[in-house]
Amino acid sequence: MATPIGNLADLSLRAIHVLGLVDAVACEDTRVSGGLLHRIGLQAQLLAVHQHNEQRAAAEIVARLSQGERIAYVSDAGTPAVSDPGARLVAAVHAAGLRVVPVPGPSSVAAALSVAGDGAAAAQGGAFAFVGFAPAKGRERKQAVDDLVARFETTVLFEAPHRMADLATALAERCPARTLTLCRELSKQFEQIDVMACRDLPAWLAADAQRLKGEFALVLHAVEPVQATAALAPATERMLQALLASLPLKQAVALCADATGAARNVLYDQALAWKAAQDAAAVDDSGEGLAD
């Protein structure tokens, strides 16, 4: 069941109705959910289900559901099992042959997408990717950022305030011209929404210390088709071809981008175009797909 990400008025009438009917409310943090129930004038038994006890708690909830009880699950804010805990619980209930009913409502992913105004995404059918939080540090974080900037479609991600400056620097260096919608404190008192080129994000954050506080949802806009097909310098093409001959595509693109400064998305697009041409040539040489 979705709960407000900030503004209490976003809690749906259906959610309030269901919370008043159930035998218990499973929740990420009993203090947060207890406060929510108190504010809408309801009481219920609270069951803690979080990332540290999800498997054990799921077994207990399945047992209670099997006895005919009705239990709602909520995370601290937004829609459960998207970025917050809940997926294991839902999977366990499904596996037991019991019914799971979604009660939709607030979602920072949907809210950020709706306010981004990503025209390129609309022109490409509205496809988007949601990647949640990047790893906190190390090689895994670098790889996650590499994968992020290599995507062509609209991509939604979350970031913790103490890592925003690091992410801003990486995006400014890797995809400076790409458009970004930054959503801070969505639906809360100090909500802030700004659209800018990635190159401008570090300066935007540095202009006001308050901008590094709160919860962030970011929308990296889709790459415009004309941007994705930009020509590469001959020397860059030669380097990319040499790297592709001995390395996986993503690794070859990353090394070429680091060495030449070329945009990763342009290199990635060129590599895919070469691969498609090679595959087509191989089909023609073999005679497959040709009319008699």
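**Sheets, helices and two positive phi values**

Reader: I'm looking at strand 4, helix 7 and strand 5. Which hand does their β-α-β unit have, left or right?
Author: Follow the chain through strand 4, then helix 7 (residues 138-150), then strand 5. Helices (H or I, at least four residues) and strands (E, at least two) are DSSP runs, numbered from the N terminus. With the strands pointing away from you, a clockwise path from the first strand over the helix to the second counts as right-handed. For this β-α-β unit, the answer is right-handed.

Reader: And what kind of model is this?
Author: Residues are numbered from 1 along each chain as its sequence is written, and side-chain values use heavy atoms, leaving out hydrogens and water. Local features need pLDDT of at least 70, side-chain atom pairs count only at pLDDT 80 or more, totals for chains, interfaces and linings use all residues, and the whole thing is a predicted model.

Reader: How many bridges pair strand 4 with strand 5?
Author: Strand 4 covers residues 128-133 and strand 5 covers residues 154-159. Two strands pair if DSSP finds at least two bridges between them. You can spot A129 with its bridge partner T155, and G132 standing opposite L157. The pairing runs in the parallel sense, and the number of bridges is five.

Reader: These two belong to a five-stranded sheet, right? Which are its edge strands?
Author: Yep, it's an open sheet with mixed pairing, in the order 4-5-8-6-7. From one strand to the next, the twist averages 15°. Edge strands pair on one side only, and here they are strand 4 and strand 7.

Reader: What does helix 8 pack against with its buried residues?
Author: Helix 8 spans residues 164-174, and its buried residues are M164, L167, A168, A170, L171 and A172. Buried means under 20% relative accessible area, exposed over 50%, and partly exposed in between (1.4 Å probe, protein chains only). An α-helix has 3.6 residues a turn, so residues three or four places apart point the same way. The packing partners of that buried set are helix 7, strand 5, strand 6, helix 9 (201-206) and strand 8 (216-220).

Reader: Is E185 buried or exposed?
Author: Look in the loop between strand 6 (179-184) and strand 7 (192-197). Skipping neighbours within four places in sequence, E185 is in contact (heavy atoms within 4.5 Å) with F190, E191, G214 and E215. Its relative accessible area is 15%, so E185 is buried.

Reader: What is phi of S187 near?
Author: S187 sits in the loop between strand 6 and strand 7. E185 lies in that loop too, with phi near 55°, a positive value in a residue other than glycine. S187 also isn't glycine, and its positive phi is near 65°.

Reader: There's a three-stranded sheet as well. What is the strand order there?
Author: This sheet is open, with parallel pairing. Its edges are strand 2 (45-48) and strand 3 (71-74), each pairing on one side only. Neighbouring strands are turned by 25° against each other on average, direction ignored. The order is 2-1-3.

Reader: Which residue is the bridge partner of A24 in strand 3?
Author: Strand 1 (residues 24-27) runs parallel to strand 3, and four bridges join them. In strand 3, the partner of A24 is I71.

Reader: At what angle do helix 3 and helix 4 cross?
Author: Helix 3 also lies across strand 1, strand 2 and strand 3, at about 140° to strand 2. Axes are lines fitted to C-alpha atoms, for helices over the stretch in contact, and angles run from 0 to 180 degrees between N-to-C directions. The axes of helix 3 (residues 54-66) and helix 4 (residues 87-95) come within 9 Å and cross at roughly 40°.

Reader: Which residues make that contact?
Author: From helix 3 you get E54, A58, I61, V62 and L65. From helix 4, look for A87, R88, L89, A92 and V93.

Reader: How far apart in space are R39 and E153?
Author: R39 is in helix 2 (residues 30-39), and it counts as exposed because its relative accessible area is 62%. In sequence, R39 and E153 are 114 residues apart. In space, C-alpha to C-alpha, the distance is 40 Å.

Reader: What separates the C-alpha atoms of A233 and T260?
Author: A233 is in the loop between helix 10 (225-228) and helix 11 (234-244). A relative accessible area of 43% makes A233 partly exposed. A233 and T260 are 27 residues apart along the chain, and their C-alpha atoms are separated by 9.6 Å.
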